[in-house]
Amino acid sequence: MNKDDLSKIFQILKKATPEPVTELIYKTNFQLLIAVILSAQATDKSVNAATKPLFKIAPDAKSIYNLGEKKLKEHIKTIGLYNAKAKNVIKTCKILLDEYNNKIPQDRDTLQSLPGVGRKTANVVLNNAFGQPTIGVDTHVFRVSNRLGIATGKNVLQVEKKLEKNIPDKFKMHAHHWLIILGRYTCIARSPRCFDCKVVEYCKYKKKEMSND
Ligand code: SF4
């Protein structure tokens with residue numbers, strides 16, 4: 001895709017949502033980290049439903065660690081993969097307390113060394129908590145980037161690298177939010193709402209669905 005078209009896409013997405021934010025609900029960087037760990041292969045809605053009461057009684061690393069794995073599981077059992085996630089969250093809390101003075105690391109490698117934190121989670125935390133122009137590629141961003149033709153690739157890392165290279169700096173900060181919004185509400189996995197899509201004229205997807213029937 002040429003640079004002008006790519007810029008046009010992000011101008012349109014920006015105009016529709018000038019200041020996009022994550023739909024995960026959190027009050028601190030720690031809570032953001034935990035919410036993003038819990039959101040792997042789960043919806044933000046399901047995470048918010050579980051973390052709302054959880055963060056009320058256990059808002060920080062110490063209180064979640066003190067809660068223990070068994071009780072934590074009770075709180076997050078409505079979220080997919082909750083057994084593994086509970087284990088990872090408890091281990092991450094312990095490491096934050098023991099090794100990082102209860103602070104969230106601000107670099108990708110250290111973040112990724114925490115249990116349950118993959119590259120996407122690290123990117124989302126760096127972006128939302130520390131204002132770094134990282135692009136977390138989740139299932140929505142991966143699908144939309146490939147369909148639009150702004151960054152094609154067989155895996156998330158390929159797509160992330162291409163997005164980083166192709167997206168103009170001025171749009172990088174919010175790029176992944178805009179692509180998530182597009183993927184969540186319009187460029188839906190099973191049947192994209194191309195008839196209702198603001199960037200349809202620039203999209204390279206060959207099987208556009210232009211009928212609302
Ligand atoms: S035109 Fe269709 S396929 Fe392309 S981004 Fe929009 S919804 Fe997705």
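A residue counts as buried here if 20 or more other C-beta atoms lie within 10 Å of its own. By that yardstick, 8 of the 10 residues of helix α2 are buried, so α2 is largely enclosed by the rest of the structure. Keep in mind that this is a predicted model. The protein splits into domain 1 (3-20 + 134-202) and domain 2 (29-130), and there is a ligand with 14 residues around it.

**The two domains**

- Going by C-alpha atoms, the centres of domain 1 and domain 2 sit 26 Å apart.
- Where the two touch, domain 1 puts in 7 residues and domain 2 puts in 5 residues.
- On the domain 1 side of that contact you'll find 3 nonpolar, 3 polar and 1 charged residues.

**Around the ligand**

- Of the 14 residues in the shell, the ones that come nearest to the ligand are Cys-187, Cys-194, Cys-197, Cys-203 and Tyr-205.
- Sorted by class, the shell has 10 nonpolar, 1 polar and 3 charged residues.
- Tyr-205 also turns up in a long-range pair: its C-alpha atom is 38 Å from that of Asn-88, with the two positions 117 residues apart along the chain.

**Helix α2, the enclosed one**

- The buried residues of α2 are Phe-30, Gln-31, Leu-33, Ile-34, Ala-35, Val-36, Ile-37 and Leu-38.
- Their cover includes α3, α4, α5 and α7 (119-130).
- One of those buried residues, Ile-37, is in contact with Asn-88, which belongs to helix α5.

**Helices α4 and α5**

- Packed helices like these are described by two numbers, the angle between their axes and the distance between the axes.
- For α4 (residues 61-76) and α5, the axes come within 9 Å and cross at roughly 175°.
- Angles over 145 degrees count as roughly antiparallel, so that label fits α4 and α5.
- From α4, the contact uses Ala-61, Lys-62, Ile-64, Tyr-65, Glu-69, Leu-72, Lys-73 and Ile-76.
- From α5, the residues involved include Tyr-82, Ala-86, Val-89, Ile-90, Cys-93 and Leu-97.
- Taken by class, this contact has 12 nonpolar, 1 polar and 6 charged residues.
- Asn-88, also in α5, counts as partly exposed because it has 19 C-beta neighbours inside 10 Å.
- Setting aside neighbours within four places in sequence, Asn-88 is in contact with Ile-37, Pro-115 and Gly-116.

**Helix α8 and its packing on α10**

- Helix α8 (residues 139-148) is mostly covered, with 7 of its 10 residues buried.
- Those are Val-141, Phe-142, Arg-143, Val-144, Ser-145, Arg-147 and Leu-148; two arginines are on that list, in case you expected hydrophobics.
- The cover over them includes α1 (3-16), α9 (156-166) and α10 (169-185).
- With α10, the packing angle is about 85° and the axes are 8 Å apart.
- Anything from 65 to 115 degrees counts as roughly perpendicular, so α8 and α10 get that description.
- On the α8 side, the contact is made by His-140, Val-141, Arg-143, Val-144 and Ser-145.
- On the α10 side, it is made by His-176, Leu-179, Ile-180, Leu-182, Gly-183 and Arg-184.
- That contact divides into 5 nonpolar, 4 polar and 2 charged residues.
- Right after α8 comes Gly-149, with a positive phi near 90°.

**Loop residues to look at**

- Gln-41 isn't a glycine, yet its phi is positive, near 50°.
- Gln-41 lies in the loop between α2 (29-38) and α3 (44-57), and it counts as exposed because it has 10 C-beta neighbours inside 10 Å.
- Asn-101 is another non-glycine with a positive phi, about 55°.
- You'll find Asn-101 in the loop between α5 (82-99) and α6 (108-112), where it is exposed, with 7 other C-beta atoms within 10 Å.
- Lys-27 is in the loop between α1 and α2, and it is exposed too, with 9 other C-beta atoms within 10 Å.
- The C-alpha atoms of Lys-27 and Pro-59 are 8.8 Å from each other, although the two residues are 32 apart along the chain.

Conventions: Residues numbered from 1 in each chain as written. Predicted model: local features only at pLDDT ≥ 70, side-chain atom pairs only at ≥ 80, totals over all residues. Near = placed C-beta within 6 Å. Nonpolar A, V, L, I, M, F, W, Y, C, P; charged D, E, K, R; others polar. Domains from an automatic or database assignment. Buried ≥ 20, exposed ≤ 12 C-beta atoms within 10 Å, placed from the backbone. Helix = DSSP H or I, 4+ residues; strand = E, 2+ residues; numbered from the N terminus. Axes fitted to C-alpha atoms, helices over the stretch in contact; angles between N-to-C directions. Parallel < 35°, antiparallel > 145°, perpendicular 65-115°, else oblique.
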